[in-house]
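Please have your viewer ready with selection by residue number switched on. We will take a short walk through a few places in the chain.

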Amino acid sequence: QPADMMMVRDQLLEDMALCNVPDEVVECYLNAAIYGTGIAKIVVSEEEELYTDNDGITSPQTVTKCYLEPIQPEDFAIDPEAKTIEEALGCAHIVVKPIHTIQKKQAEGIYKDVDLGDYADDRDISSKGEVKSSIVTDKCEILEYHGYVPSYLLPQEDELDVDSFDMTEAIVTIANRQSLLKAVENPFTHKDRSVIAFQWDRVPNRFWGRGIAEKGINSQRALNAELRARQDGLALTIHPMMAADATRLPRGMKLEIAPGKQILTNGDPRTILNPMHFGEMSSHTYTQANELERMLQDATGQSVASAGTNAQPTNATASGMSMILGGAIKRSKRTMQNIERQFLTPMIKKFTWRYMQFDPFRYPSMDYKFL
């Protein structure tokens, strides 16, 4: 019934807001805009919250919460031939966490109580302007794999025929690439993977997309070279130089110009010394810089016409601006459709399925379809 659907929809929006999902969605968009691919993982957690009833009595209550965890592409590995998460044999989120968070989960029985081993910190974070900690005992690398594994490697109630090489959808967690913390069959009703990904700008037959930085890199490099050449030439054209008749200067004199300096000459200084300018700065470079800026905006899909009206006369007319915005809107629409179809719709489905499975009182089982 529509009324029931409205109630579930509003409840889902409220639960997402309480778990800070909108902020994490924004981070996924930012990752996609920079790197070309937005990736996120849905995390289901059972937590205890204090509940106060009408009589003022406070008691703990176990609640199910679903969080969204953005994943940077550098922390993600996938089957290289796969085009989607579902098509891949499996994918993995590789992330470094404080070691006490892992030890706490071991104490709670979530992870197996094994020796975590040592973490060989081979990450390069200097390019991000960060300083790497020299202490390796306070952190642990976690590899969380979502995908198919041979069934005989998982705990089974019945004996399996090893030669059949039967595959099972599973979630496997490994610490420091050596210690198995957890390996379980996918516990979700639909056996779907908890990882979602979308391309900012679609690249045919590839998993990885194209971001704003990649689309604008060539125009940006040309613009940098143009402006750098202009700035290098400024020193020659702004500061005047001195031409002198070397035969009429005192022997061994080193000619230098400075405020208040006395210059000795053998004869009339007006005929011996002459200030001169080394050429003039070409006005073409500035026009070229404006043109390169326009190319950069076209490449990256910006809708701001920042080039001056002298360089771009179309910026001074309403129809010209309309044409510029028309192309930008088309590119923006394509990206927004990618986000909706590949990211938002699967995310809402998976959130609803998780709540239906683990919180059936608030989310009764029904065949929900959100448009």
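On this tour, two residues are in contact when they have heavy atoms within 4.5 Å. Keep in mind that you are looking at a predicted model.

Start by selecting Ala 175, in strand β6, which covers residues 167–175. Is this residue buried or exposed? Ala 175 is buried, at a relative accessible area of 0%. Now show its surroundings: beyond neighbours within four places in sequence, Ala 175 is in contact with Leu 116, Cys 140, Glu 141, Ile 142 and Leu 181. Add Ile 94 and draw a distance between the C-alpha atoms: Ile 94 and Ala 175 are 81 residues apart along the chain, and the separation is 9.7 Å.

Next, go to strand β2, residues 58–71, and pick out Lys 65. Lys 65 counts as buried, with 17% relative accessibility. Display its side chain together with that of Glu 49, and you will find a polar contact of 2.6 Å between the two. Apart from residues up to four places away in sequence, Lys 65 touches several others, among them Val 43, Val 44, Tyr 355 and Cys 19.

Cys 19 is a good next selection. Its relative accessibility is 7%, so Cys 19 counts as buried.

How many disulfides does a search of the whole structure find? The search finds zero. Cys 19 is in none, and the nearest cysteine sulfur, in Cys 66, is 7.2 Å away.

Finish at Cys 28, which is buried at 0% relative accessibility. Why is there no bond to Cys 91? The sulfur of Cys 91 is the closest cysteine sulfur to that of Cys 28, but the distance is 14 Å, too far for a bond.

How values were computed
Residues numbered from 1 in each chain as written. Predicted model: local features only at pLDDT ≥ 70, side-chain atom pairs only at ≥ 80, totals over all residues. Heavy atoms only, no water. Disulfide = S-S within 2.5 Å. Buried < 20%, exposed > 50% of the residue type's maximum accessible area, 1.4 Å probe, protein only. Helix = DSSP H or I, 4+ residues; strand = E, 2+ residues; numbered from the N terminus. Polar contact = N/O pair within 3.5 Å; in protein donor to acceptor, adjacent residues only side chain to side chain.
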